[in-house]
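Let's take a walk through this structure together. Have the sequence and the 3D view at hand, and we'll go from the overall picture to single residues.

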Amino acid sequence: MASMTTEELLGVFEEMTVLELKEFLDAFEEHFDVTAAAPMAMAVAAGDGAGAEAPAEEQTEFDVVLTGSGDKKIQVIKEVRAMTSLGLKEAKAVVDGLPSTVLEAVSKEEANAAKEKIEAVGGSVEIR
């Protein structure tokens, strides 16, 4: 069996859509029983030993979750495409699969701007 070089693998990943990459990552994590979030889990675990007196850290990263598409579904799909650079099919899948995360780990300002844009075309959004 011929193995692919790192450059060849990067070329394959470069051709994939965001949705395909997400599906690949999920399958990879499941197959090898690993998670890409391990560094965050370790940071949280290390922080837990600090004691109850430590002040809670202010949230700096937010997820924008689409909870409804309203009457103007096509407009919502267009906004999702503009925000994420997804293709039409992938953006439609996000809007059809409610609730769906549109943006992950963005600043509070970016999350609020995205919420305003989606709500302006009739969609419903939660910021988490």
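Of the 128 residues in the protein chain, 20% count as buried. Keep in mind that what you see is a predicted model. The chain holds six helices and three strands, and if you follow the elements from the N terminus, they run α-α-α-β-α-α-β-α-β. As for contacts between residues at least 6 apart in sequence, 63% of them join residues at least 24 apart.

Let's begin with the sheet. Its three strands form an open sheet in the order E2-E1-E3, and the pairing is antiparallel. Strand E2 (100–106) and strand E3 (124–127) are at the edges with a single partner strand each, so one side of each has no neighbour in the sheet. Going from a strand to its neighbour, the direction turns by 20° on average, if you ignore which way the strands run. What holds such strands together in general? Strands of a sheet pair through backbone hydrogen bonds, in either a parallel or an antiparallel way.

Now look at strand E1, which spans residues 62–68. E1 is mostly covered, with five of its seven residues buried. Towards E3, strand E1 pairs in the antiparallel sense over four bridges. Towards E2, the pairing of E1 is also antiparallel and also runs over four bridges. You can pick out some of the partners yourself. Val64 has Ile127 as its bridge partner in E3, and Val64 stands opposite Leu103 in E2. Further along, Leu66 stands opposite Val125 in E3.

While you're at E2, stop at Ala105, which has its place in that strand. What is the phi of Ala105? It is positive, about 55°, although Ala105 is not a glycine. For background, most residues other than glycine have a negative phi. Ala105 counts as partly exposed, because its relative accessibility is 42%, which falls between the 20% limit for buried and the 50% limit for exposed.

Next comes the loop between E1 and H4, where you will find Ser69. Is Ser69 buried or exposed? Ser69 is buried, because its relative accessible area is 14% and the limit for buried is under 20%. Which residues does Ser69 touch, leaving aside its neighbours within four places in sequence? The contacts are Val76, Val95, Leu98, Gly122 and Gly123.

From that loop the path leads to helix H4, residues 73–84. Which helices does H4 meet? One of them is helix H6 (residues 108–120): the two axes come within 9 Å and cross at roughly 155°. That angle is over 145 degrees, which means that H4 is roughly antiparallel to H6. Their crossing is right-handed. On the H4 side, the contact is made by Val76, Glu79 and Met83, and on the H6 side by Ala114, Lys117 and Ile118. Sorted by kind, the residues of this contact are four nonpolar, no polar and two charged.

Another partner of H4 is helix H5 (residues 88–96), and here the axes also come within 9 Å but cross at roughly 120°. That makes H4 oblique to H5. This crossing, too, is right-handed. From H4, the residues Lys73, Val76, Ile77, Val80 and Arg81 meet Leu88, Ala91, Lys92, Val94, Val95 and Asp96 in H5. The residues of this contact divide into seven nonpolar, no polar and four charged. Notice that Val76 turns up in the contact with H6, in the contact with H5 and among the residues that Ser69 touches. Val95 of H5 is likewise one of the contacts of Ser69.

One more residue of H4 deserves a look: Gln75 lies in this helix. With a relative accessibility of 34%, Gln75 counts as partly exposed. How far apart are Gln75 and Val121 in sequence and in space? The two are 46 residues apart in sequence and 6.0 Å apart from C-alpha to C-alpha.

To gather the threads, turn back to the sheet with its order E2-E1-E3. Its strand E1 pairs with E3 and with E2. Helix H4, for its part, makes contacts with H6 and with H5.

Methods
Residues are numbered from 1 along each chain as its sequence is written. This is a predicted model: local features need pLDDT of at least 70, side-chain atom pairs count only at pLDDT 80 or more; totals for chains, interfaces and linings use all residues. Side-chain values use heavy atoms; hydrogens and water are left out. Axes are lines fitted to C-alpha atoms, for helices over the stretch in contact, and angles run from 0 to 180 degrees between N-to-C directions. Helices (H or I, at least four residues) and strands (E, at least two) are DSSP runs, numbered from the N terminus. Angles under 35 degrees count as roughly parallel, over 145 as roughly antiparallel, 65 to 115 as roughly perpendicular and the rest as oblique. A crossing is left-handed if the near helix is turned anticlockwise from the far one by less than a right angle, and right-handed if clockwise. Contact means heavy atoms within 4.5 Å. Ala, Val, Leu, Ile, Met, Phe, Trp, Tyr, Cys and Pro count as nonpolar, Asp, Glu, Lys and Arg as charged, and the others, Gly among them, as polar. Two strands pair if DSSP finds at least two bridges between them. Buried means under 20% relative accessible area, exposed over 50%, partly exposed in between (1.4 Å probe, protein chains only).
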